[in-house]
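Please consider the structure shown below. The account that follows leads from a single loop residue to the charged surface and then to the interior.

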Amino acid sequence: MTLGSRYVGRWVRWALREDWGYAYCKGARDGNLILSYVDIPDIAEHEVVVSRLEVVESRIPNGTRIWVRGDPYGWHAGVIKSAASGQRYHVTLVGQGRGLTLYQDQFKIRWPRPVEDPAIAVAHGLCEVPTFYEARSALLSELVQQRRVCRGLSAAIAAPIDLFQHQVDTAARVLADPVMRYLFADEVGLGKTIEAGIVIRQVLMENPQTSVLVLCPDTLCGQWKTELSDRIGLNIFTRNSQLTVAPHSSVGQIAVDYGEGLAYFDLVIVDEAHNLLRYVLEGSELEKQIRQVDGFIALSATPMRGELEIFRRLLALVDPVAFAGVDARSFRGRIDERERSAGDVQILSTRRASLRQKSAVLETVESDFAEDENVQRMAAACRRTDDPHDQVWANLADYVREIYRISRRMIRHRRSSELTEAYSVAGRVPTYIECDDPARAVVDEFLESYRIRLDDGDPAYALTVLHGLAGPMALRDHLRLRLGEGDRALFEMTIARLEMAGLDARLKAVAEVARERVGAGYRVVVASSFPSVLGQFEKILQGYLDDGMIYLHYDSMTPGDRDAAVARFLSLDDGAVLLADHSMEEGRNLQEAEVLVNLDLPLDVNRLDQRIGRLDRYAVRPEPAEVVVLTESQSPWVSAQVELLRDGIGVFDGSVSTVQRLLATVLSDIVDHLVEGGVDALRIDVASLRDELEIERDSIDLLEELESVESAAVFHDEAFDELIGYEENMDGLRGAVARLTTGAGSIALHPNESSWGIVEFGNAREIGLSFDDVASLERLLRPKAFDRAVTLENRGVSPFRIGDPLVDWLQDYLLADERGRASAVVRPTAGLSSPALWLHSEFLVEFDSDQAVLSEGPARARMARRGEAHLQPMRLETWTDADGPAPQDLVTTILDLPFDSKRDEILRGRTWAPVLAEIPSWSRLCAESADAAWEQVRSSAQLTASVSAALERASADSDRRIAILEARSVRLNGPERESARIELELERKAAEALSRGIASPSIRLVACGACVVWPEDWFE
């Protein structure tokens, strides 16, 4: 007995390429099996020699779809309900009122591959009721429209997030780039996490085997996991090994744990990337591994005029070809050169500058770029014009802006740009509350007495001043720790005096503020730099509020406990308090809180700005965050600090993140002069400081405007408006899902939309799937919503959009399932002398990624996304017979009418007899009518115009990219030139592939329906 012969007469599960299905084993030959099944387009009994088996079955699984040959022609669709005795099965046929019991040789199993040509199915009579098409068509149309508006970026519309142009465009830029290495340097609060999250979702959804590593500060690991799970919709991946979130400090161990090191990961995201540098030493093996990762995205809001060494090292990680060999001195020279150009570019590009002003800067520009022939040519064109608004001025400015950009791999958006104008940043508004602390005089007296005992420049004094400004309790605790030092008598006396005067007046004042705000329903964050003070305040606050209203965010807690506390705090609507130390100052999202109360104020203004920035972020609330500051008018020390922060720096009114470098210098000067000047060290000329800060801001603004992204590359205004326009009206989508899941020809998923917009599904057991397919689908039946706003308000609810696993499954299912893709009816029509066959064909036209496959460079998915950004998918419909298109009046009045069971006759069973008698060449006419449909589509004006427009857009985009890279590869020096040259070669190959995929788009016949118009009297 041969290996194959034991399967003869049994049902086996086997594979053809990657598709598995059931078939009946008719025989064996040379150790191989001969299987029989029905496969479209080979409709005849199909026998194939195979040798690959997975499982042998003695019975066909319930739910398996079958075909039963009709009489005199065609096939009936059916489903196996259950096994009967012997080799028989209970079968239900579509449209039959009763079930049948058939022997296994009386039917064929439908092979579950997508139907490549439904016109052949119609020609051979494998037709369904038109209601299947009507049930499916509207949703397929909606999904095609969703693909059009998302331009290949399905991760964005499928995630439960608000859609903002700068975030969506950033993700699209990165995902379309042949080299996916970038620095996201948006200003604080503009959503770098969301931008990175969209990129992560897209690569994981396109290839679930992709390995992604997210590195972030230890305090933010839980927040990242929550953001990726809830806001980006990656809860499935956060539970497996494909998506790892880990603290910066673990990067070395991670590199050791994997044999390939960090190169094991396909994509590495680093949040607060400047903090990673302490664990990745320059020239180390870790640095080398990061530079070898295929995809690397660093997130850091560190301003360009902040710490230049950090900026240089970040760029060296992101773009090692261009910056790995650049030392600190040459990098600073590059920044200085760019700063000098910034003012010139601003004058050249503004419409407010006069001809005289613009002409005056030409000489400088020509001198700075004397070896750049393009600059010289453009400058000459500027000299020839008398119009200050002539486009030649903007052309020169744009050229200098783009070609000499510090790095093409940095994306920086500013709050003031047009791209971010719709992004609602909470803002901040101060409230000053006077505190009468009886111990303050003791504190101030001690600070002065202690100062005169010290040598100039003693760094310990600054720490003492910091504790003194925080209040008597903070100073008392500080002095207790220093009792072993030489001033023990002074310290002990001061401690006694402080305790006698009372330590908790300041804490009680803050407790009153907290109780009042909580009583009004606000979520209040109380922040302090001193854990011991927070501990005492916690005890006092328990006398003002119930324990259930108080939550903690302390460095001493585990990251999980901190995350859980924040989640509970922010989930409350009735008001609560979060007590937080320095562990919440970097990266923690607290924009849903309304009030920040400062139990004390840091000397470091940058730290204070970070603290306030936890609430001053993107938020949908109408009011800015309230920043409560305690003042003590009787204290020269407290008054000097508050005046410096309020009047000199303005940190309570707006972010000062862009002037970090100057503020660090101010702090250094204060610390250096505290012993010498005492409180006077804080009494800086606030008017002069304001002017100095404004000058610094202007300088930085010029540079950052030059380097920031001011326009969208993929989601330009028109594209983004189209996306938002679709999102604003979900009636079509809601109706399409309703039609798919209810009524004749529906898929019984039993969706139920609640009054608040959440859609829950029933089960998948009633839609004719195999047991395995049912189990796979039911794992995807998670709550959905049509309206995006509902997903933002309900955790675990995702939008019903392409890119969601359930929606993608439905799209694949509807394109693979012949139900709804092949139908045939007979329609009585008055005034006809003889029957006629008309074929309705529905085509899907899209970018052909097969044409765009590259031996090197961008992967297929990346090219497909980029191609779809230019050539959005479209549906084209035709009505044809063997001679060509149907007359429009016939289409409108007869052919396009919906199926009516009282009027129309389904073409199946015995209905075939009269039809074949009148149309004996049925198969040939179907084939010729389909050929006519293909010819009509290929030559259609709509397709020609769409392809032409897409080629023009793609060519313009590629030409722009190539021109920039060509200029950079020629004009820049050293390694930057080599980096541009490498990217240039990749871009040229990508441009060629992009053009091929657009010029020869994929055209698929996705549905086909025959309508036999029949003389009305004959029909009767």
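**From a loop to the cores**

In this predicted model, Asp-555 counts as partly exposed, because its relative accessibility is 41% and the partly exposed class runs between under 20% for buried and over 50% for exposed. Asp-555 is placed in the loop that runs between strand β19 (550-553) and helix α22 (559-571). In sequence, Asp-555 is separated from Asp-581 by 26 residues, while their C-alpha atoms are 6.9 Å apart in space.

A second acidic residue leads to the surface charge. Glu-692 belongs to helix α26, and with a relative accessible area of 43% Glu-692 is partly exposed. That value satisfies the cut-off for patch membership, which asks for over 30% relative accessible area and no salt bridge. Together with Asp-669, Asp-672, Asp-685 and Asp-691, Glu-692 forms a negative surface patch. Two elements, α25 (660-677) and α26 (686-707), each give two or more residues to this negative patch.

What remains is the nonpolar interior. Which residues touch the most other members of the largest nonpolar core? They are Val-525 and Ile-649, within a core of 93 residues. The element that gives the most to this core is helix α24 (residues 636-649), with 7 residues. Another core lies apart from it and has 78 residues, including Cys-216, Ala-736, Ile-747 and Phe-786.

Notes. Residues are numbered from 1 along each chain as its sequence is written. This is a predicted model: local features need pLDDT of at least 70, side-chain atom pairs count only at pLDDT 80 or more; totals for chains, interfaces and linings use all residues. Side-chain values use heavy atoms; hydrogens and water are left out. Patches are made of residues with over 30% relative accessible area and no salt bridge: like charges are joined within 9 Å, nonpolar side chains (Val, Leu, Ile, Met, Phe, Trp, Tyr) within 5 Å. Accessible areas come from the Shrake-Rupley method with a 1.4 Å probe; for residues, only the protein chains shown count as cover. A salt bridge is a side-chain nitrogen of Lys or Arg within 4 Å of a carboxyl oxygen of Asp or Glu. Lys and Arg count as positive and Asp and Glu as negative; His and the chain ends are not counted. The place of a charge is taken as NZ of Lys, CZ of Arg, CG of Asp or CD of Glu. Helices (H or I, at least four residues) and strands (E, at least two) are DSSP runs, numbered from the N terminus. Buried means under 20% relative accessible area, exposed over 50%, partly exposed in between (1.4 Å probe, protein chains only). A nonpolar core is a set of buried Ala, Val, Leu, Ile, Met, Phe, Trp, Tyr and Cys residues joined through side-chain atoms within 4.5 Å.
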